[in-house]
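Reader: I am in my first year and would like a close look at one part of this protein, namely the aromatic rings and the nonpolar surroundings in which they sit. Could you take me through that part slowly?

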Amino acid sequence: MTRHFLPLLTAAFLASTAGAFAAGELTYVVNNESAKYDPGTTAETFAAPIIGNTFEGLVRFDSNGEIVPALAESWTVSDDGLTYTFTLRDAKWSDGQPVTAGDFEYAWKRVLNPATGAMNAAMLYSIVGAEEAYNAAGAGEIAISAPDDKTLTFTLKQRVPYMMQLLTYTTFFPVRQDVVEADPEGWTRNPATFIGTGPFRVTEFNQGESVVFEKNPEYYDAAAVSLDKLTFRLIPDPATALAAMEAGDVDGIESVPAPEIPRLSVESDAFLVVPALGTTYAFFNPAQAPLDNLNVRKALSMAIDREEIVEFVLQSADIPAIGLVPPGMTIAGEDFTEGRDTFGLSETADVEGAKAALAEAGYPDGEGFPETLYVTYSSPPIEKLLEAIQQMWKQNLNIDVDIQATEWQVFYPEVQKVEYQIAQMGWGADYPHPMTFLDNFVTGSPNNLNNWSNADYDAAIAASKATGDEAESLAEMRKAEAILMNDHVILPQYHRNNYMMMSPKVTGFWRSTLNVPYFRDAVIAE
């Protein structure tokens with residue numbers, strides 16, 4: 001089987017100077033619609049395609065995964081590694097107003113006001129005074145300042161080796177105070193007020209159908225943008241999306257149906273495999289019976305065959321997961337996953353071990369196992385995955401677990417209430433460092449969607465952040481993951497690749513391992 005594998009943080013068909021190209025229109029299919037496009041407050045992967053093409057921050061990744069200037073033209077870091085000073089370029093918002101350092105100061109301090117509801121406020125906690133201000137409901141001094149319109153400075157409590165990578169994430173993007181405060185809840189749903197700093201600006205929000213963009217003439221590097229019009233068309237079913245692609249109705253699709261991967265990898269020049277830093281897993285709710293029993297959680301995890309899931313259910317090149325953090329992130333010269341424990345799990349089902357754990361929990365051969373519901377968002381591939389897991393639990397443990405699927409906009413708010421028993425989720429990296437996964441399970445994190453809390457885990461995460469020694473930091477992060485995994489509060493399933501299609505006529509397009517498709521440099525051949 002031949003697959004087009006794309007290098008780290010890169011997609012195929014990168015920009016070429018050869019040939020004749022023309023500006024044009026491009027249509028790209030997305031499978032899910034986000035409920036929120038506010039860069040400072042959202043943590044939804046489904047918002048990334050829209051925000052990633054309409055906003056930029058101080059710096060950005062290029063197609064080779066390197067940090068390059070964006071709204072900042074230069075920066076300095078103090079000798080102790082704590083104080084960062086950025087000088088902004090002459091950039092404008094998409095409505096023509098100048099971008100100022102004060103816009104960044106406002107945006108970051110807004111995130112640190114809990115009333116804003118930002119999901120990733122903890123990303124800023126390394127800044128002096130930030131965590132204290134958040135815990136004091138936005139009050140207190142924070143070491144972020146804009147001494148003039150072109151200068152932004154902030155000071156950290158301790159060195160953060162991945163600080164520049166963090167700054168590429170949407171939480172650190174600027175937003176305009178006048179725009180946000182005029183309509184705090186609706187500004188991101190109205191093209192007239194969805195004012196950004198990126199290469200495109202939204203002209204239409206068609207709920208349930210599409211988002212339409214045009215080239216942003218105010219973008220600081222507008223000369224590099226070739227597309228006049230970009231449309232993200234919503235097609236929830238990947239099979240329907242593939243049919244549209246093969247009929248020539250669209251130029252690219254963000255995912256393909258699993259059963260079609262073998263065929264497309266051989267037949268199609270448009271088929272792409274994009275490495276992803278992502279893990280698909282389910283949350284077990286340790287506050288809900290029967291998941292309040294460690295041995296029940298362990299039995300359910302031991303009883304699934306991850307190799308079978310990848311090979312026969314997903315029919316993909318994904319990687320069976322027995323831990324939270326995916327491979328592909330190197331710290332102190334080592335991949336995080338090298339040599340880590342198995343946490344009592346295996347890539348294939350350990351049926352006897354699972355049965356023994358379930359019997360120890362008081363349910364020998366599944367007898368007396370209470371009614372249990374596994375909730376998920378509506379997605380044909382995910383629902384097929386859950387049905388396979390459901391069958392494995394029936395076959396290997398003799399228990400029945402019901403499945404309930406609802407649309408994302410209904411499902412996600414319900415999961416946030418943490419009233420479920422088992423909930424299908426997962427996480428894609430916000431920045432290429434293990435902490436993007438591990439931070440989610442610190443006590444009180446907004447992304448800790450099963451309200452799990454462990455003082456030893458919190459201490460290990462804090463120790464990892466406090467040390468300037470990368471090897472020590474790595475050891476503490478591995479210790480933290482082991483605490484989480486040995487408590488079996490998540491059901492790891494697989495580490496993801498993304499399988500998509502893009503017309504070979506399109507050059508310059510790339511999709512990052514952080515799952516953001518970038519059209520800034522996309523060109524369509526005549």
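Author: What follows begins with the nonpolar core and then turns to the ring pairs.

The model is predicted, so local features need pLDDT of at least 70 and side-chain atom pairs count only at pLDDT 80 or more, while totals for chains, interfaces and linings use all residues. Residues are numbered from 1 along each chain as its sequence is written, and side-chain values use heavy atoms, with hydrogens and water left out.

The largest nonpolar core (a set of buried Ala, Val, Leu, Ile, Met, Phe, Trp, Tyr and Cys residues joined through side-chain atoms within 4.5 Å) has 152 residues, where buried means under 20% relative accessible area, exposed over 50% and partly exposed in between, for a 1.4 Å probe and protein chains only. Among the residues with the most contacts inside this core are L58, W108, F154 and L167. L167, leaving aside residues up to four places away in sequence, touches L58, V59, F86, W108, F154, F172 and F173, a contact being heavy atoms within 4.5 Å. Apart from this core lies another, of 16 residues, including I235, V256, I261 and V273.

Two rings that pair have their centres within 6.5 Å, using Phe, Tyr and the six-membered ring of Trp, and planes under 30 degrees apart count as stacked, over 60 as edge-to-face and the rest as tilted. By this rule there are 33 aromatic pairs. W108 and F154 form one that is edge-to-face, with 5.4 Å from centre to centre and 65 degrees between the planes. This pair links distant parts of the chain, 46 residues apart, since W108 belongs to helix α2 (residues 101–111) and F154 to strand β8 (residues 151–155); helices (H or I, at least four residues) and strands (E, at least two) are DSSP runs numbered from the N terminus. Both W108 and F154 are buried.

The pair of W408 and Y412 is stacked, because the ring centres are 4.9 Å apart and the planes stand at 10 degrees. Both W408 and Y412 lie in helix α12 (residues 408–416), four residues apart, which is about one turn of the helix, and both are buried.

Returning to W108 and F154, ring pairs link these two with W75, Y84, F86, F104 and F172 into a cluster. Elsewhere, R478 lies over the face of F336, at 6.0 Å from the ring centre; a charge sits over a ring if NZ of Lys or CZ of Arg is within 6 Å of the ring centre and within 35 degrees of the ring normal.
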